[in-house]
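The following exercises ask the reader to work through selected features of one protein model. Each task is followed by a solution in steps.

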Amino acid sequence: MAGGGTAARGLARAAQGARGAGWGRPLGPEETLGLLEASVVHREGALLALSKPPSLPVLGRPGELSLVALLPVLRRRLGLPAELHVVKAPARECSGLVLLSGCHRATERLQQFFTDAHRRGQYPATYHAVTVGVPAEAEGEIRTGLCWQRQGDTTAVVPVLAPGRRSLARKEVKSTLTRYRVLGAAGGCALLQLQPRTAFPEQLPVHLTLLLCPALGDHEHSSRVGRVLGVPFLLPPEAAPTRTQVLDEELLCRLGLSPQQLRRLPLHLHLQQLALPQGPLCAPLPPFFLHTLQRLGLPGLREP
(Lines give C-alpha, C1' and ligand atoms only; values in the text may rest on other atoms or scores of the structure.)
Protein backbone atom coordinates (compact mmCIF):
# COMPACT_ATOMS: atom_id res chain seq x y z
CA MET A 1 0.00 0.00 0.00
CA ALA A 2 1.11 3.56 -0.67
CA GLY A 3 1.22 4.57 3.01
CA GLY A 4 3.14 1.49 4.17
CA GLY A 5 6.62 2.90 3.53
CA THR A 6 5.77 6.17 5.24
CA ALA A 7 4.36 4.33 8.27
CA ALA A 8 7.44 2.13 8.56
CA ARG A 9 9.77 5.12 8.40
CA GLY A 10 7.68 6.92 11.03
CA LEU A 11 7.80 3.96 13.41
CA ALA A 12 11.53 3.59 12.87
CA ARG A 13 12.01 7.13 14.25
CA ALA A 14 9.82 6.41 17.28
CA ALA A 15 12.55 5.93 19.88
CA GLN A 16 14.11 9.28 19.02
CA GLY A 17 10.71 10.99 19.29
CA ALA A 18 10.02 9.54 22.74
CA ARG A 19 13.40 10.71 24.04
CA GLY A 20 12.70 14.18 22.67
CA ALA A 21 9.40 14.26 24.54
CA GLY A 22 11.20 13.72 27.87
CA TRP A 23 9.61 10.44 28.95
CA GLY A 24 10.10 6.72 28.52
CA ARG A 25 11.52 5.40 31.80
CA PRO A 26 10.68 5.73 35.52
CA LEU A 27 12.60 8.37 37.45
CA GLY A 28 14.48 7.64 40.67
CA PRO A 29 14.22 9.72 43.88
CA GLU A 30 17.15 12.01 43.07
CA GLU A 31 15.93 12.72 39.52
CA THR A 32 12.39 13.32 40.77
CA LEU A 33 13.62 15.71 43.47
CA GLY A 34 15.59 17.65 40.88
CA LEU A 35 12.53 17.84 38.66
CA LEU A 36 10.31 19.07 41.50
CA GLU A 37 12.90 21.62 42.63
CA ALA A 38 13.11 23.02 39.11
CA SER A 39 9.33 23.08 38.68
CA VAL A 40 8.46 25.58 41.43
CA VAL A 41 6.03 28.10 39.92
CA HIS A 42 5.10 30.13 43.03
CA ARG A 43 6.64 30.82 46.42
CA GLU A 44 5.15 33.35 48.80
CA GLY A 45 4.88 33.25 52.58
CA ALA A 46 3.70 29.83 53.71
CA LEU A 47 2.61 28.79 50.20
CA LEU A 48 4.61 26.87 47.64
CA ALA A 49 3.33 25.72 44.26
CA LEU A 50 5.08 23.39 41.84
CA SER A 51 4.25 21.20 38.87
CA LYS A 52 4.46 17.45 39.39
CA PRO A 53 5.24 14.92 36.65
CA PRO A 54 2.70 12.28 35.63
CA SER A 55 2.65 8.91 37.46
CA LEU A 56 4.02 10.40 40.70
CA PRO A 57 1.47 9.63 43.43
CA VAL A 58 0.84 12.15 46.18
CA LEU A 59 0.68 9.55 48.98
CA GLY A 60 1.60 6.26 47.36
CA ARG A 61 1.71 2.74 48.73
CA PRO A 62 4.21 1.57 51.39
CA GLY A 63 7.71 1.66 49.95
CA GLU A 64 6.60 3.52 46.82
CA LEU A 65 8.17 6.75 45.63
CA SER A 66 5.66 9.53 46.32
CA LEU A 67 5.43 13.30 46.60
CA VAL A 68 4.79 13.20 50.35
CA ALA A 69 7.83 10.97 50.91
CA LEU A 70 10.02 13.50 49.08
CA LEU A 71 8.67 16.63 50.80
CA PRO A 72 11.10 16.67 53.78
CA VAL A 73 14.14 16.61 51.48
CA LEU A 74 12.54 19.08 49.07
CA ARG A 75 11.82 21.46 51.95
CA ARG A 76 15.46 21.39 53.06
CA ARG A 77 16.74 21.93 49.52
CA LEU A 78 14.49 24.96 49.12
CA GLY A 79 15.47 26.33 52.54
CA LEU A 80 11.94 26.35 53.90
CA PRO A 81 11.60 26.47 57.70
CA ALA A 82 8.27 24.67 58.19
CA GLU A 83 7.06 21.20 57.33
CA LEU A 84 5.09 21.14 54.05
CA HIS A 85 1.71 19.54 53.61
CA VAL A 86 -0.45 19.12 50.51
CA VAL A 87 -3.40 21.47 50.00
CA LYS A 88 -4.35 20.52 46.44
CA ALA A 89 -2.82 18.14 43.90
CA PRO A 90 -3.82 16.20 40.79
CA ALA A 91 -4.23 12.42 40.80
CA ARG A 92 -1.32 10.00 40.43
CA GLU A 93 -1.40 9.66 36.64
CA CYS A 94 -1.96 13.38 36.00
CA SER A 95 0.67 16.08 35.74
CA GLY A 96 0.25 19.61 36.96
CA LEU A 97 -0.13 22.06 39.78
CA VAL A 98 0.54 21.00 43.38
CA LEU A 99 -0.27 23.53 46.10
CA LEU A 100 1.70 23.11 49.33
CA SER A 101 1.56 24.98 52.61
CA GLY A 102 3.84 25.29 55.63
CA CYS A 103 1.06 26.70 57.83
CA HIS A 104 -1.90 24.66 59.11
CA ARG A 105 -4.13 27.73 59.36
CA ALA A 106 -3.40 28.71 55.74
CA THR A 107 -4.12 25.12 54.66
CA GLU A 108 -7.49 25.11 56.43
CA ARG A 109 -8.44 28.49 54.90
CA LEU A 110 -7.60 27.34 51.39
CA GLN A 111 -9.40 24.02 51.76
CA GLN A 112 -12.46 25.88 52.97
CA PHE A 113 -12.12 28.27 50.01
CA PHE A 114 -12.22 25.33 47.56
CA THR A 115 -15.20 23.78 49.37
CA ASP A 116 -17.13 27.07 49.27
CA ALA A 117 -16.26 27.62 45.60
CA HIS A 118 -17.77 24.24 44.66
CA ARG A 119 -20.91 25.02 46.70
CA ARG A 120 -21.29 28.34 44.86
CA GLY A 121 -21.11 26.53 41.51
CA GLN A 122 -17.64 27.82 40.68
CA TYR A 123 -14.84 25.90 38.95
CA PRO A 124 -11.55 26.60 40.77
CA ALA A 125 -9.53 23.93 38.90
CA THR A 126 -8.78 23.97 35.18
CA TYR A 127 -7.23 20.98 33.41
CA HIS A 128 -6.07 20.50 29.84
CA ALA A 129 -6.25 17.18 28.03
CA VAL A 130 -5.31 15.75 24.66
CA THR A 131 -8.01 13.33 23.53
CA VAL A 132 -8.23 10.60 20.94
CA GLY A 133 -11.37 11.75 19.21
CA VAL A 134 -13.11 15.10 18.95
CA PRO A 135 -16.32 15.80 20.93
CA ALA A 136 -19.45 16.25 18.82
CA GLU A 137 -20.15 19.60 20.51
CA ALA A 138 -17.52 22.33 20.89
CA GLU A 139 -18.45 22.84 24.53
CA GLY A 140 -20.78 21.36 27.06
CA GLU A 141 -21.18 19.53 30.36
CA ILE A 142 -20.74 15.91 31.33
CA ARG A 143 -23.16 14.84 34.07
CA THR A 144 -23.29 11.34 35.49
CA GLY A 145 -23.22 9.37 38.69
CA LEU A 146 -19.96 7.63 39.56
CA CYS A 147 -19.33 4.75 41.92
CA TRP A 148 -16.79 2.08 42.78
CA GLN A 149 -17.63 -1.35 41.40
CA ARG A 150 -15.85 -4.62 42.09
CA GLN A 151 -14.60 -6.36 38.97
CA GLY A 152 -12.93 -9.65 39.79
CA ASP A 153 -10.07 -9.03 42.21
CA THR A 154 -10.04 -5.26 41.69
CA THR A 155 -12.37 -2.28 41.89
CA ALA A 156 -13.03 0.27 39.16
CA VAL A 157 -14.79 3.62 38.88
CA VAL A 158 -17.86 3.20 36.67
CA PRO A 159 -20.57 5.60 35.48
CA VAL A 160 -24.14 5.34 36.71
CA LEU A 161 -26.11 7.26 34.10
CA ALA A 162 -29.39 7.40 36.08
CA PRO A 163 -28.57 7.04 39.79
CA GLY A 164 -31.50 6.50 42.12
CA ARG A 165 -32.25 8.77 45.05
CA ARG A 166 -31.54 6.03 47.57
CA SER A 167 -28.11 5.23 46.19
CA LEU A 168 -27.27 8.95 46.20
CA ALA A 169 -28.58 9.40 49.75
CA ARG A 170 -26.58 6.40 50.95
CA LYS A 171 -23.54 7.87 49.12
CA GLU A 172 -23.10 4.65 47.15
CA VAL A 173 -23.15 6.85 44.04
CA LYS A 174 -22.01 10.46 43.67
CA SER A 175 -23.45 12.90 41.14
CA THR A 176 -20.57 14.42 39.18
CA LEU A 177 -20.22 17.27 36.70
CA THR A 178 -17.43 18.44 34.42
CA ARG A 179 -17.56 21.41 32.05
CA TYR A 180 -15.51 21.08 28.86
CA ARG A 181 -14.48 23.23 25.90
CA VAL A 182 -12.63 22.24 22.72
CA LEU A 183 -9.60 24.51 22.28
CA GLY A 184 -8.45 22.95 19.02
CA ALA A 185 -8.72 19.82 16.87
CA ALA A 186 -6.57 18.18 14.21
CA GLY A 187 -6.48 14.76 12.60
CA GLY A 188 -9.08 13.19 14.87
CA CYS A 189 -7.49 14.43 18.13
CA ALA A 190 -8.40 17.42 20.27
CA LEU A 191 -7.07 19.72 22.97
CA LEU A 192 -9.72 20.18 25.66
CA GLN A 193 -10.16 22.47 28.63
CA LEU A 194 -11.81 20.64 31.54
CA GLN A 195 -13.26 22.19 34.69
CA PRO A 196 -14.62 19.70 37.25
CA ARG A 197 -17.41 21.00 39.46
CA THR A 198 -17.19 17.91 41.67
CA ALA A 199 -14.35 15.72 42.90
CA PHE A 200 -14.36 11.94 42.57
CA PRO A 201 -11.42 9.59 41.92
CA GLU A 202 -10.75 9.20 38.18
CA GLN A 203 -13.64 11.55 37.39
CA LEU A 204 -12.04 13.26 34.40
CA PRO A 205 -10.75 10.16 32.54
CA VAL A 206 -14.10 8.42 33.00
CA HIS A 207 -16.02 11.51 31.88
CA LEU A 208 -13.88 11.69 28.73
CA THR A 209 -14.84 8.11 27.83
CA LEU A 210 -18.50 9.19 28.02
CA LEU A 211 -17.67 11.80 25.36
CA LEU A 212 -16.21 8.86 23.35
CA CYS A 213 -12.91 10.77 23.46
CA PRO A 214 -10.53 9.08 25.92
CA ALA A 215 -7.45 10.97 27.03
CA LEU A 216 -4.25 10.16 25.20
CA GLY A 217 -2.18 7.86 27.41
CA ASP A 218 -5.19 6.57 29.38
CA HIS A 219 -4.31 2.91 29.82
CA GLU A 220 -7.01 2.45 32.47
CA HIS A 221 -10.32 3.48 30.88
CA SER A 222 -9.74 3.94 27.13
CA SER A 223 -10.71 0.31 26.40
CA ARG A 224 -14.31 1.31 27.24
CA VAL A 225 -14.48 3.15 23.89
CA GLY A 226 -14.70 0.68 21.02
CA ARG A 227 -14.77 1.35 17.28
CA VAL A 228 -16.61 -0.26 14.37
CA LEU A 229 -15.63 1.02 10.93
CA GLY A 230 -14.08 4.04 12.61
CA VAL A 231 -17.24 4.95 14.54
CA PRO A 232 -16.74 5.06 18.35
CA PHE A 233 -19.19 3.49 20.79
CA LEU A 234 -19.27 2.95 24.55
CA LEU A 235 -18.62 -0.48 26.01
CA PRO A 236 -19.83 -1.46 29.50
CA PRO A 237 -16.90 -1.43 31.96
CA GLU A 238 -17.24 -5.15 32.68
CA ALA A 239 -16.72 -5.89 28.97
CA ALA A 240 -13.64 -3.64 28.71
CA PRO A 241 -10.73 -4.93 30.81
CA THR A 242 -7.83 -2.59 31.52
CA ARG A 243 -5.16 -2.64 28.82
CA THR A 244 -2.60 -0.46 27.08
CA GLN A 245 -4.41 2.14 24.98
CA VAL A 246 -4.88 1.06 21.37
CA LEU A 247 -3.96 3.64 18.71
CA ASP A 248 -4.06 3.13 14.97
CA GLU A 249 -0.85 3.06 12.95
CA GLU A 250 -1.41 6.51 11.46
CA LEU A 251 -1.69 8.14 14.89
CA LEU A 252 1.33 6.22 16.17
CA CYS A 253 3.35 7.59 13.26
CA ARG A 254 2.18 11.14 13.87
CA LEU A 255 3.23 10.77 17.51
CA GLY A 256 6.53 9.18 16.53
CA LEU A 257 5.92 6.10 18.67
CA SER A 258 6.37 2.38 18.25
CA PRO A 259 3.73 -0.03 19.63
CA GLN A 260 6.27 -1.10 22.28
CA GLN A 261 6.65 2.48 23.52
CA LEU A 262 2.91 3.05 23.70
CA ARG A 263 2.48 1.36 27.06
CA ARG A 264 4.74 4.01 28.65
CA LEU A 265 2.95 6.95 27.00
CA PRO A 266 1.95 9.23 29.91
CA LEU A 267 -1.57 10.41 30.52
CA HIS A 268 -2.13 13.74 28.77
CA LEU A 269 -4.21 15.29 31.53
CA HIS A 270 -2.64 18.32 33.20
CA LEU A 271 -3.87 20.50 36.09
CA GLN A 272 -2.98 23.84 34.54
CA GLN A 273 -4.63 26.39 36.83
CA LEU A 274 -6.05 26.86 40.31
CA ALA A 275 -8.13 29.90 41.23
CA LEU A 276 -7.05 31.20 44.66
CA PRO A 277 -8.32 34.15 46.71
CA GLN A 278 -5.26 36.19 45.67
CA GLY A 279 -5.58 35.26 42.00
CA PRO A 280 -4.92 32.31 39.68
CA LEU A 281 -1.86 30.06 39.88
CA CYS A 282 -0.70 28.33 36.69
CA ALA A 283 1.60 25.44 35.84
CA PRO A 284 3.03 25.39 32.31
CA LEU A 285 2.43 22.33 30.18
CA PRO A 286 5.22 19.74 30.59
CA PRO A 287 7.62 18.98 27.72
CA PHE A 288 5.97 15.69 26.74
CA PHE A 289 2.58 17.45 26.46
CA LEU A 290 4.00 20.27 24.34
CA HIS A 291 5.81 17.72 22.17
CA THR A 292 2.50 15.94 21.53
CA LEU A 293 0.72 19.18 20.62
CA GLN A 294 3.45 19.91 18.10
CA ARG A 295 3.39 16.40 16.63
CA LEU A 296 -0.40 16.46 16.25
CA GLY A 297 -0.65 20.04 14.97
CA LEU A 298 -2.74 21.16 17.94
CA PRO A 299 -2.56 24.72 19.27
CA GLY A 300 -0.27 25.56 22.16
CA LEU A 301 -1.48 27.50 25.18
CA ARG A 302 -0.70 31.12 25.85
CA GLU A 303 0.50 31.86 29.34
CA PRO A 304 -2.04 34.05 31.18
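**Exercise 1.** Describe the second largest pocket by its lining, its volume and the classes of its residues.

*Solution.* Step 1: the lining of the second largest pocket consists of 21 residues, and V132, R227, V246, L247 and D248 are those nearest its centre. Step 2: the elements contributing two or more residues to this lining are β10 (225-228) and α8 (249-255). Helices (H or I, at least four residues) and strands (E, at least two) are DSSP runs, numbered from the N terminus. Step 3: the volume of the pocket is about 450 Å³. On a 1 Å grid over the protein atoms alone, a pocket is an open set of points with protein on both sides within 12 Å along at least five of seven lines, a cavity is a set where a 1.4 Å probe fits but cannot get out, and lining residues have an atom within 4 Å of a point. Grid points are joined across faces, edges and corners, and a volume is the space filled by probe spheres set on them. Step 4: by class, the pocket lining has 8 nonpolar, 8 polar and 5 charged residues.

The model is predicted: local features need pLDDT of at least 70 and side-chain atom pairs count only at pLDDT 80 or more, while totals for chains, interfaces and linings use all residues. Residues are numbered from 1 along each chain as its sequence is written, and side-chain values use heavy atoms, with hydrogens and water left out.

**Exercise 2.** How many cavities of 30 Å³ or more are there, and which residues line the second largest cavity?

*Solution.* Step 1: the count is 2 cavities of 30 Å³ or more. Step 2: the second largest cavity holds about 30 Å³ of space. Step 3: its lining is formed by P159, T209, L210, R224, L234, L235 and P237. Step 4: this lining has 5 nonpolar, 1 polar and 1 charged residues.

**Exercise 3.** State how helix α7 (residues 203-210) is covered and what follows this helix.

*Solution.* Step 1: 7 of the 8 residues of α7 are buried (under 20% relative accessible area; exposed is over 50%, partly exposed in between; 1.4 Å probe, protein chains only). Step 2: the buried residues are Q203, L204, P205, V206, H207, L208 and T209. Step 3: L212, with a positive phi near 65°, follows α7.

**Exercise 4.** How many disulfides are there, and are C189 and C253 buried or exposed?

*Solution.* Step 1: a search of the whole structure gives 0 disulfides, a disulfide being a pair of cysteine sulfur atoms within 2.5 Å. Step 2: for C189, the nearest cysteine sulfur belongs to C213, 9.5 Å away. Step 3: for C253, the nearest cysteine sulfur is that of C189, at 13 Å. Step 4: C189 counts as buried because its relative accessibility is 2%; C253 is also buried, at 16%.

**Exercise 5.** Describe the surroundings of S66 and of Q149.

*Solution.* Step 1: S66 occupies the loop between β2 (47-52) and α4 (67-78) and is buried, at 3% relative accessible area. Step 2: beyond residues up to four places away in sequence, S66 touches L56, P57, V58, L59 and G60, where contact means heavy atoms within 4.5 Å. Step 3: a polar atom of the S66 side chain lies 3.2 Å from the backbone nitrogen of A69. Step 4: Q149 belongs to strand β6 (residues 139-151) and is partly exposed, at 30% relative accessible area. Step 5: apart from neighbours within four places in sequence, Q149 is in contact with T154, T155, A156, V158 and E238.

Conventions:
Nonpolar A, V, L, I, M, F, W, Y, C, P; charged D, E, K, R; others polar. Polar contact = N/O pair within 3.5 Å; in protein donor to acceptor, adjacent residues only side chain to side chain.
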